[in-house]
Amino acid sequence: MTEIREWMDHCTGLFLDAVDGLADDDLGAATGLPGWSRRHVVAHVHHNAEALRRLLHWARTGERTPMYASPEQRNAEIEEGSALPAGELRALVRGSAAALAADLDALPERAWTNEVVTAQGRTVPATEIPWMRAREVAVHAVDLGTGLGFDDLPPGFNAALAVDVVRKRAAGGEGAALAAWLTGRAGEAPVLGRWL
């Protein structure tokens, strides 16, 4: 778990540095994510931190506090956040990242094995939360399109991410096509559905 937390902290730094390196006007540029500008990505990463803080509250207290009340809540938060002034949006994403890190540091040892439910409906122990965050900040740091690539992420993180993605895609019925391609038995990469 120490390594995962290091990945989370490192990739959070990459994300925040990338955001800080953008001029205010550049935050409105489109990304490769359909319908999302960089502002949407930043708003999403902010609200993801807040959602994971709700899971930590659940793990700590036993009080059921889902990541989001509904998919509509998640989408509305992102849209509202994307319309904020650039300075306010930057302050929010930086503040929520720091608050999440503080909540992780403060979680009692006994609470780490308590189970919570992700936005996708998976029941997981609280030990999964740092990985969930590392994945978000790392992939979205690349999505910002500032020149960061997966080769800028820690090698161990990339290996863990690849395993995680293959596992999820295999569970969704895409395992055979992926296995054929990854073992060099298929000439082209398979067309894949949505990840997460």
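**Entry 1. Charged pairs**

I take a salt bridge to be a side-chain nitrogen of Lys or Arg within 4 Å of a carboxyl oxygen of Asp or Glu. The model I am reading is a predicted one. With that rule in hand I looked up lysine 168 and found a salt bridge to aspartate 164, with the closest N and O atoms 2.8 Å apart. Both residues belong to helix 6, where they are 4 residues apart, about one turn of the helix. I then checked the cover of each partner. Lysine 168 is partly exposed, because its relative accessibility is 23%. Aspartate 164 has a relative accessible area of 6% and therefore counts as buried. I also noted a network in which salt bridges with shared partners join Arg5, Asp9 and Asp105.

The count of salt bridges comes to 9. I looked up two further pairs.

How far apart are the closest N and O atoms of aspartate 24 and arginine 90? I read 2.7 Å for this salt bridge. Aspartate 24 sits in the loop between helix 1 and helix 2, while arginine 90 is in helix 4, so the pair ties together parts 66 residues apart in sequence. Aspartate 24 is partly exposed at 44% relative accessibility, whereas arginine 90 is buried, with a relative accessible area of 15%.

The pair of arginine 53 and glutamate 50 is also a salt bridge, its closest N and O atoms being 3.5 Å apart. I placed both residues in helix 2, 3 residues apart, about one turn of the helix. Both ends of this bridge I record as partly exposed: arginine 53 has a relative accessible area of 26%, and glutamate 50 has 23% relative accessibility.

**Entry 2. Aromatic rings**

I found 3 aromatic pairs in the structure. Why is the pair of tryptophan 7 and tryptophan 131 edge-to-face? The ring centres are 6.1 Å apart and the planes meet at 65 degrees; planes over 60 degrees apart count as edge-to-face, so the pair falls in that class. This pair links distant parts of the chain, with tryptophan 7 in helix 1 and tryptophan 131 in helix 5, 124 residues apart. I checked both for cover: tryptophan 7 is buried at 9% relative accessibility, and tryptophan 131 is buried with a relative accessible area of 8%.

I next followed tryptophan 131 to phenylalanine 157. Their ring centres are 5.4 Å apart and their planes stand at 45 degrees, so I record the pair as tilted. Here too distant parts of the chain are linked, since tryptophan 131 is in helix 5 and phenylalanine 157 in helix 6, 26 residues apart. Phenylalanine 157 is buried, as is tryptophan 131. I therefore entered Trp7, Trp131 and Phe157 as one aromatic cluster.

**Entry 3. The nonpolar core**

Which residues have the most contacts inside the largest nonpolar core? I listed Phe15, Val42, Leu55 and Phe157, in a core of 50 residues. The elements that give it two or more residues are helix 1 (2-20), helix 2, helix 4 (86-106), helix 5 (129-143) and helix 6 (155-182). Helix 2 supplies the largest share, 11 residues. As background, I recall that in soluble globular proteins nonpolar side chains tend to be buried together.

I then examined valine 42. Apart from its neighbours within four places in sequence, valine 42 is in contact with Phe15, Val19, Leu27, Leu89, Val93 and Leu144. Phe15 thus appears both among the contacts of valine 42 and among the core residues with the most contacts.

**Entry 4. Histidine 40**

I located histidine 40 in helix 2, which spans residues 38-61. Is histidine 40 buried or exposed? I find it buried, because its relative accessible area of 10% is under the 20% limit. Leaving out residues up to four places away in sequence, histidine 40 touches Gly35, Ile78, Glu79 and Ser82.

**Entry 5. A nonpolar patch on the surface**

Finally I looked at the outside of the model. Val166, Trp181 and Leu182 make a nonpolar surface patch of about 270 Å². I placed valine 166 in helix 6 and checked its cover: at 34% relative accessibility, valine 166 counts as partly exposed.

Technical notes:
Residues are numbered from 1 along each chain as its sequence is written. This is a predicted model: local features need pLDDT of at least 70, side-chain atom pairs count only at pLDDT 80 or more; totals for chains, interfaces and linings use all residues. Side-chain values use heavy atoms; hydrogens and water are left out. Buried means under 20% relative accessible area, exposed over 50%, partly exposed in between (1.4 Å probe, protein chains only). Contact means heavy atoms within 4.5 Å. A nonpolar core is a set of buried Ala, Val, Leu, Ile, Met, Phe, Trp, Tyr and Cys residues joined through side-chain atoms within 4.5 Å. Patches are made of residues with over 30% relative accessible area and no salt bridge: like charges are joined within 9 Å, nonpolar side chains (Val, Leu, Ile, Met, Phe, Trp, Tyr) within 5 Å. Accessible areas come from the Shrake-Rupley method with a 1.4 Å probe; for residues, only the protein chains shown count as cover. Rings of Phe, Tyr and Trp (its six-membered ring) pair if their centres lie within 6.5 Å; planes under 30 degrees apart count as stacked, over 60 as edge-to-face and the rest as tilted.
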